[in-house]
Amino acid sequence: MAPRGDAPVRDSASRTLVLGVDGAHRVVQCGPNAEAVIGRAPGDLIGRPAAALVTEDAKADLEALLEAISQGQERTAVLPVRRGDGGTDDAVVTAQPMVGEVAGPAGALLFVRVALPPSERYQDPALMRRALMDDPLTRFGASLDLDQSARGLVDVIVPHYCTTASVLVLESLVAADEVHAESGSAVLRRIAVTSDDNDPRWTATFPVGEVLIYPEGTPYREVLDTARPVHLPHVSTQAAGDIAGKWRRGPAGTLLDGVSMVLLPLIARDTLLGFIACTRVPGFRRFDAYDVEIGMEFAARAAIVIDNARLFSRERATALALQRSLLPNRLTAPSSVEVRHRYLPGSKLVEVGGDWYESIALPGARAALIVGDVAGHGVRAAVTMGRLRTALHTLANLELPPADALHVMHELMIELGEQEPHFATCVYAVYDATTGSLEIASAGHLPPLLVGPDGTKEYLRVPPAPPLGVVGGAAIESREFAVEDGSVFVIYTDGLVENRGRDIDDGLDRLQAVFGEDTATRSMEDMAKATLAGVYADHHRDDIAVLISRLKRLPADRVASWTLPADPAAVRRARGFVRGKLDEWGLSELTYATELLASELITNAIRYATGGSDLRAAPPGIELRLLRERTLVCEVLDRSAALPRLRHASDDDENGRGLLVVSELTRRWGTRRTPTGKVVWCEQIIPGVDPEPEEPEAAWPGEAHHRE
């Protein structure tokens with residue numbers, strides 16, 4: 001059978017008796033409700049010592065309360081009070097000194113608060129309605145968090161309306177999905193449970209977080225099917241056992257035996273969101289029709305709070321998913337290049353602003369290093385940033401030179417500006433780990449910082465150009481720099497070096513000071529953290545994006561190149577070079593495929609360099625290069641600007657199958673133009689080597705701004 005009501009005093013409705021006590025600790029005044037509170041007439045109390053109110057064991061405690069009055073102190077204690085029928089009740093007794101001329105030297109008031117017996121709780125509908133509808137509803141409705149709102153809801157409804165309560169909502173609501181009208185077979189989740197006596201059996205039998213579907217033939221299924229309150233004035237032993245049997249949850253039958261139950265649907269905007277299950281255990285007044293009416297009034301208001309929390313959760317989840325998808329999930333670079341980043345939005349309300357960063361591993365042991373900044377803040381700037389980042393990522397994979405890529409971006413920004421004015425700054429650098437060269441183009445962006453391995457620091461002078469989307473000004477040009485091994489390359493947005501209280505020159509000096517003579521050996525994480533030192537306390541900062549790269553060439557023994565004449569006989573020589581180098585690298589299992597690939601690419605370069613089939617007319621100087629990185633890359637460089645394309649030859653065609661063979665045998669292949677011609681490359685997976693290894697980075701302050 002369900003536990004009988006024994007709610008603690010602090011959680012129960014109560015009655016209070018006020019007594020006046022003189023300096024001799026005798027009762028001189030008594031409230032008229034003495035008999036209703038402790039079962040004793042006022043005349044039996046007046047003139048008697050106050051200690052007669054309590055049991056023998058508690059007299060000393062009561063005297064201690066009264067003694068504190070002489071020092072002007074108020075004291076409270078829980079003491080056993082004698083009843084007129086010889087029994088006792090635990091009561092909260094407060095001794096309060098009286099103030100004023102009539103108080104005397106030690107006059108006091110005793111407030112004796114006794115809990116109502118279970119049979120008398122929930123008797124006053126006006127008291128119940130006031131307790132449910134006034135301040136508590138405002139208190140728990142102030143939160144937009146779904147779980148917190150549900151916990152506040154059950155803390156209000158217990159103990160003012162029932163002894164136990166639980167809140168169940170549609171699982172789609174918790175998952176921040178769109179909520180549609182659903183039938184009784186809907187999947188629910190219990191998000192809050194409480195009882196006034198803190199009996200652990202309730203939370204064990206009906207656990208918070210449980211996802212469930214209620215079986216047919218139960219009152220829980222009925223409230224979902226009808227979207228109307230279900231009132232069970234008394235749940236008999238048989239009915240409780242029937243519910244437990246259909247639910248296959250035996251302890252539920254014990255807890256529900258003898259209870260009075262009301263299930264209140266939560267309906268907002270004509271949509272059922274869930275329900276509140278309210279029970280009163282045996283010993284308390286059972287629910288009646290008027291209680292159901294009061295409960296539905298409360299549930300209607302509570303449903304609005306739950307719906308607001310649902311809408312907020314859904315929109316926040318949507319916004320975060322959008323914003324986080326706009327930034328790269330991971331940064332890639334050649335194995336010899338280390339990259340770290342930092343990102344902080346300027347606002348706590350959004351996790352992504354208009355700044356972005358990118359590091360993309362390009363074929364041929366090269367890396368595209370990019371940082372950009374869309375003017376403005378918030379979601380609108382973030383959306384524009386996402387469009388630009390996606391476009392620039394595509395251009396990088398097409399292997400356009402930095403200046404050409406930024407020019408295409410400039411045209412895109414002008415097109416976007418026709419709908420809504422926008423402009424952005426961007427710096428785009430490509431590092432070649434085989435030559436140690438760094439090509440940089442900039443559109444209105446701050447100068448990159450290059451720190452040499454010996455600690456020398458220099459802001460690189462890049463040809464100036466207006467921001468992307470700004471018509472007029474100089475054309476975007478690039479400049480190439482020779483970089484020493486171990487140098488650190490830093491690109492950033494203006495939020496790092498400029499704020500309301502600091503000049504940009506001071507910020508540039510501060511950034512330089514972060515890097516010292518130990519740059520070559522200092523960990524990348526330490527340097528990344530140091531760049532953001534002091535910015536977290538600035539609540540008026542702009543968005544900040546920083547990309548730090550330690551640039552090193554590939555070891556010489558991982559690169560091999562040969563210059564071949566434009567002669568068909570060179571194909572045989574190339575196969576020999578490839579075979580010897582792969583044997584040296586211990587990659588003999590790739591020899592056959594790589595020989596075939598090199599033959600096809602060189603033959604293609606000789607045959608189609610002049611647009612005809614006369615091999616003797618091909619321009620001189622074909623270079624074959626092998627790179628052993630995370631993959632095996634084979635490159636053929638020639639002096640023709642004509643780019644080959646993949647086509648499917650007919651059955652009777654004698655040519656046109658070379659690139660199809662290359663495509664089938666490799667992980668990927670591609671082409672890119674160079675100042676003197678073009679490069680055709682292909683990439684094979686090295687057995688036992690992950691071409692894209694996952695390298696988890698250490699957690700850093702602010703990482704939660706854009707990553708789960």
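Colleague: Say Ala, Val, Leu, Ile, Met, Phe, Trp, Tyr, Cys and Pro count as nonpolar, Asp, Glu, Lys and Arg as charged, and the others, Gly among them, as polar. How do the residues lining the second largest pocket divide?

Modeller: This is a predicted model. The lining has 12 nonpolar, 7 polar and 12 charged residues.

Colleague: How much space is in that pocket?

Modeller: The second largest pocket holds about 750 Å³. It is lined by 31 residues, and those closest to its centre are Asp-432, Arg-672, Arg-673, Thr-674 and Pro-675.

Colleague: Which strands supply at least two residues of the lining?

Modeller: β15 (424-432), β16 (437-443), β23 (622-628), β24 (631-638), β25 (668-674) and β26 (677-685). The largest share, 4 residues, is from β15.

Colleague: Switching topic, how many disulfides are there?

Modeller: The count is 0.

Colleague: Why is there no bond from Cys-278 to Cys-162?

Modeller: A disulfide needs cysteine sulfur atoms within 2.5 Å. The closest cysteine sulfur to that of Cys-278 is in Cys-162, 4.1 Å away, so the pair is too far apart for a bond.

Colleague: Is Cys-278 buried or exposed?

Modeller: Cys-278 is buried, because its relative accessibility is 0%. Cys-426 is also at 0% and counts as buried.

Colleague: And the whole protein, how many helices and strands?

Modeller: It has 19 helices and 26 strands. Of its 708 residues, 50% are buried. The exposed area is about 32500 Å², with 50% of it from carbon and sulfur atoms.

Colleague: What share of contacts between residues at least 6 apart in sequence join residues at least 24 apart?

Modeller: That share is 66%.

Methods. Residues are numbered from 1 along each chain as its sequence is written. This is a predicted model: local features need pLDDT of at least 70, side-chain atom pairs count only at pLDDT 80 or more; totals for chains, interfaces and linings use all residues. Side-chain values use heavy atoms; hydrogens and water are left out. On a 1 Å grid over the protein atoms alone, a cavity is a set of points where a 1.4 Å probe fits but cannot get out, and a pocket is an open set with protein on both sides within 12 Å along at least five of seven lines; lining residues have an atom within 4 Å of a point. Grid points are joined across faces, edges and corners, and a volume is the space filled by probe spheres set on the points. Buried means under 20% relative accessible area, exposed over 50%, partly exposed in between (1.4 Å probe, protein chains only). Contact means heavy atoms within 4.5 Å. Accessible areas come from the Shrake-Rupley method with a 1.4 Å probe; for residues, only the protein chains shown count as cover.
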